[in-house]
Amino acid sequence: MTKDTSVLLDEKRLFKPNYKIVEEAHVKNWEAEIEKGKDLEKYWSEKAEQFEWFEKWDKVLDESKKPFYKWFTNGKINLAYNAVDRWISTDKRNQVAILYTNERGDEKKLTYYELYREVNKMANALKNLGIKKGDTVSMYLPMCPELLISMLACTKIGAVHSVVYSGLSVGAFVERMNDADAKVLITADGTFRRGKIIDLKKIVDESILQCPTIETVVVVRHTGNPINVSELSGREILYDRLVEGESGECPVEEMDSEDPLFILYTSGSTGKPKGVLHTTAGYMVGVATTLKNVFDIHNGDLWWCTADIGWITGHSYLIYGPLLLGTTTLVYEGAPDYPDPGAWWKIVEKYGVTKLYTAPTAIRHLMRYGSKYPNMYNLSSLKILGSVGEPINPEAWMWFYKNIGKEKIPIMDTWWQTETGMHMISPIPVSPLKPGTATLPLPGIDADVVDEKGNSVPLGKGGYLVIKKPWPAMFRTLYNDEERFINVYWKEIPGGVYRAGDLARKDEDGYIWIQGRSDDVLNIAGHRVGSAEVESAFVSHPAVVESAVIGKSDPIKGEVIKAFLILKEGYKLNTTLIEDLKKHIRYELGPVAVIGDIEQLDALPKTRSGKIMRRILRAQEMGEDLGDTSTLEE
Ligand code: WTA
């Protein structure tokens with residue numbers, strides 16, 4: 001949220017791990033592990049050995065068609081098999097794999113064996129709907145066991161899943177659904193949010209006519225409200241009816257290492273959202289390895305990642321990572337402060353959560369209530385904390401460290417992206433920590449801060465964050481948009497490096513301090529929102545001719561939207577119109593797009609070639625120098 005971290009770089013507090021953490025840790029010597037990681041192929045191939053392969057790979061890394069890297073070429077493997085089937089012939093068979101709970105206190109537990117059967121039933125049902133290897137299945141579901149089951153069912157039969165976050169609304173939904181060419185959509189009658197039920201099915205009903213590729217809509221009965229079956233349309237079917245009578249056994253599809261695994265949409269700075277495509281083996285290796293190292297996963301852990309499954313954090317570290325390691329993953333449906341701001345701490349105490357992975361925005365939100373709520377519960381089961389999504393402010397870090405970790409346990413500030421698939425820059429439990437930095441690149445990762453020409457910048461100086469060598473969980477392309485894949489990520493900085501789109505600095509210890517995005521992507525409560533998407537949504541309102549949006553800093557959300565609008569003749573920006581515009585944006589994009597402020601302008605600052613100069617608006621808003629205005633139109 002703070003763009004200028006020169007102040008943060010002065011952060012001198014250093015927190016070292018205590019002996020208990022070191023004693024327990026899988027990796028006790030950080031530097032030695034980083035050293036090992038320098039032999040990329042050896043390092044990652046050793047990590048790949050943890051899985052059951054149907055056929056081993058013949059090459060660890062194929063760099064012949066940069067930037068289209070390939071990992072573990074010609075290997076044959078299946079993710080669902082390794083995440084579920086593999087455990088049922090071990091003593092994990094009857095261990096809880098998924099522990100679901102929600103804000104109402106409902107609870108559902110699935111052991112690995114039960115999960116195995118449920119996944120197989122759904123896999124068989126999807127096949128009966130005509131889904132074959134390579135087809136896309138979309139999901140628009142709340143945090144519920146059926147979402148995890150459906151994703152694993154796709155993976156088991158080689159279908160590609162595309163999960164759309166249930167907080168997105170009609171416009172965003174339609175765009176993602178059509179880009180992915182989904183044949184089947186799985187949704188639910190609703191989701192619980194702060195004592196209310198949000199009707200997801202209604203949003204689907206309003207969108208579906210604009211989604212011609214969808215042949216079948218599967219509806220999960222989630223809320224307990226009765227559904228009038230006769231009101232379902234011809235293409236709709238209830239989830240429970242669909243899987244009823246299906247066999248609990250299903251043959252596994254042997255996937256090539258590089259077969260597509262999933263598409264996940266994320267916002268870019270221009271145009272439509274980007275369909276980030278991940279493939280099978282490298283993703284598995286990267287995600288399982290980083291989760292094990294960063295959060296030091298052991299038998300008996302209860303892992304809780306609070307992210308929604310609709311984002312990459314949910315994919316990699318709520319479902320796939322923990323199940324690949326055979327741990328128990330907690331799935332919570334609800335807000336952090338409902339029915340009261342002790343809701344999360346109550347769950348930690350009740351179930352004995354050992355590792356908690358959350359986001360700075362949630363920490364800042366809960367921090368407002370002070371230490372009262374955390375002090376009401378016994379949090380002594382916790383061993384490691386984690387943060388992801390945006391830079392964590394040192395005050396929020398300290399609050400988390402003191403009130404939740406009781407100054408005894410470390411915080412893993414993990415930097416990574418939808419595109420990277422896995423943690424990239426992060427401490428591990430034995431690392432010395434400084435509040436506000438994700439510390440060093442993980443073993444096997446070569447990250448740097450460079451200038452436009454690709455040269456490393458001196459310590460303390462700002463620059464672009466890049467990754468210099470390929471890593472196994474890297475995305476392979478943007479779905480339907482290879483050109484954009486190359487142009488956005490691999491071209492702008494010379495040297496064939498991956499441009500992350502973030503600004504960063506390194507301090508005297510080489511620790512990397514992320515300063516926020518270098519492009520026009522906003523980070524609202526840890527969610528990426530593209531300015532172009534918001535601008536298009538504004539322009540689709542009858543009163544708006546043109547719009548430009550920038551991020552405005554916000555104490556809880558990190559950033560919110562500040563919009564500058566040019567209105568049609570006859571319209572005035574009064575409170576009624578502001579309310580109407582806010583509703584419109586919510587309808588188009590969903591509650592993720594939080595509007596902080598709307599301002600009416602007579603003209604937008606543009607370059608002579610007609611590009612909106614958001615930079616000028618930003619500088620003006622912050623009362624800063626406008627910088628170079630030579631390209632500004634008269
Ligand atoms: C930001 C989320 C600072 C960053 C996993 C990145 C962070 C974008 C951190 C990716 C962190 C994520 N410190 N910034 N620990 N983690 N970011 O694709 O700007 O939703 O580029 O992936 O979030 O967001 P995405």
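In this predicted model, strand β6 (residues 136-140) runs parallel to β8, and four bridges hold the pairing. One of the contacts to look for joins Met139 to its bridge partner in β8, Ile186. On to another neighbour: β8 is also joined to strand β11 (residues 216-220), again in the parallel sense, through five bridges. There, Ala188 has Val220 of β11 as its bridge partner.

How many residues of β8 are buried? Five of the five residues in this strand, which spans 184-188, are buried. In a regular strand, side chains alternate between the two faces of the sheet. You can follow this in β8, where Val184, Ile186 and Ala188 point one way while Leu185 and Thr187 point the other way, and all are buried.

Now to the ligand. The shell around the ligand has 17 residues, and those that come nearest are Asp413, Thr414, Thr418, Arg517 and Arg528. By class, this shell is made up of six nonpolar, six polar and five charged residues. Two elements, α11 (312-324) and β25 (512-517), each supply at least two residues of the shell. Some polar contacts are worth finding on screen. An N or O atom in the side chain of Asp502 is 2.9 Å from an oxygen atom of the ligand. The backbone takes part as well: a polar backbone atom of Glu390 is 3.4 Å from a nitrogen atom of the ligand, and a backbone N or O atom of Pro391 also lies 3.4 Å from a ligand nitrogen. The ligand has 530 Å² of accessible area on its own, and the protein covers 97% of that area.

Next come some backbone details. The peptide bond from Lys66 to Pro67 is cis, with omega near -5°, and Pro67 sits in the loop between β1 (59-62) and β2 (70-73). Another cis bond leads from Tyr338 to Pro339, with omega near 0°; Pro339 belongs to the loop between β17 (328-333) and α12 (343-351).

Where are the residues with positive phi that are not glycine? Phe72, with phi near 55°, is found in strand β2. Phe72 is buried, with a relative accessible area of 0%. Arg194 has a positive phi of about 50° and lies in the loop between β9 (191-193) and β10 (196-198). Arg194 is partly exposed, at 37% relative accessible area.

Finally, the structure holds 41 salt bridges, including these:

| Salt bridge | Closest N to O |
|---|---|
| Glu35 and Lys38 | 3.1 Å |
| Lys606 and Glu546 | 2.5 Å |
| Asp597 and Lys562 | 3.5 Å |

In the Glu35 pair, Glu35 is partly exposed at 49% relative accessibility, and Lys38 is exposed at 58%. The salt bridge between Lys606 and Glu546 links distant parts of the chain, 60 residues apart: Lys606 is in the loop between β30 (595-600) and α19 (614-622), and Glu546 is in strand β28 (residues 544-554). Here Lys606 is buried at 17%, whereas Glu546 is partly exposed at 24%.

Asp597 lies in strand β30 and Lys562 in strand β29 (residues 558-567), so their salt bridge ties together parts that are 35 residues apart in sequence. Asp597 is partly exposed, with a relative accessible area of 26%, while Lys562 is buried at 3%. Both belong to one network of salt bridges with shared partners, which joins Lys552, Lys562, Asp597, Glu599 and Glu621.

Methods:
Residues are numbered from 1 along each chain as its sequence is written. This is a predicted model: local features need pLDDT of at least 70, side-chain atom pairs count only at pLDDT 80 or more; totals for chains, interfaces and linings use all residues. Side-chain values use heavy atoms; hydrogens and water are left out. A residue is near a molecule or strand if one of its heavy atoms lies within 4 Å of it. A polar contact is a pair of N or O atoms within 3.5 Å; within protein, one must be able to donate a hydrogen and the other to accept it, and residues adjacent in sequence count only if both atoms are side-chain atoms. Accessible areas come from the Shrake-Rupley method with a 1.4 Å probe; for residues, only the protein chains shown count as cover. Ala, Val, Leu, Ile, Met, Phe, Trp, Tyr, Cys and Pro count as nonpolar, Asp, Glu, Lys and Arg as charged, and the others, Gly among them, as polar. Buried means under 20% relative accessible area, exposed over 50%, partly exposed in between (1.4 Å probe, protein chains only). Two strands pair if DSSP finds at least two bridges between them. A salt bridge is a side-chain nitrogen of Lys or Arg within 4 Å of a carboxyl oxygen of Asp or Glu.
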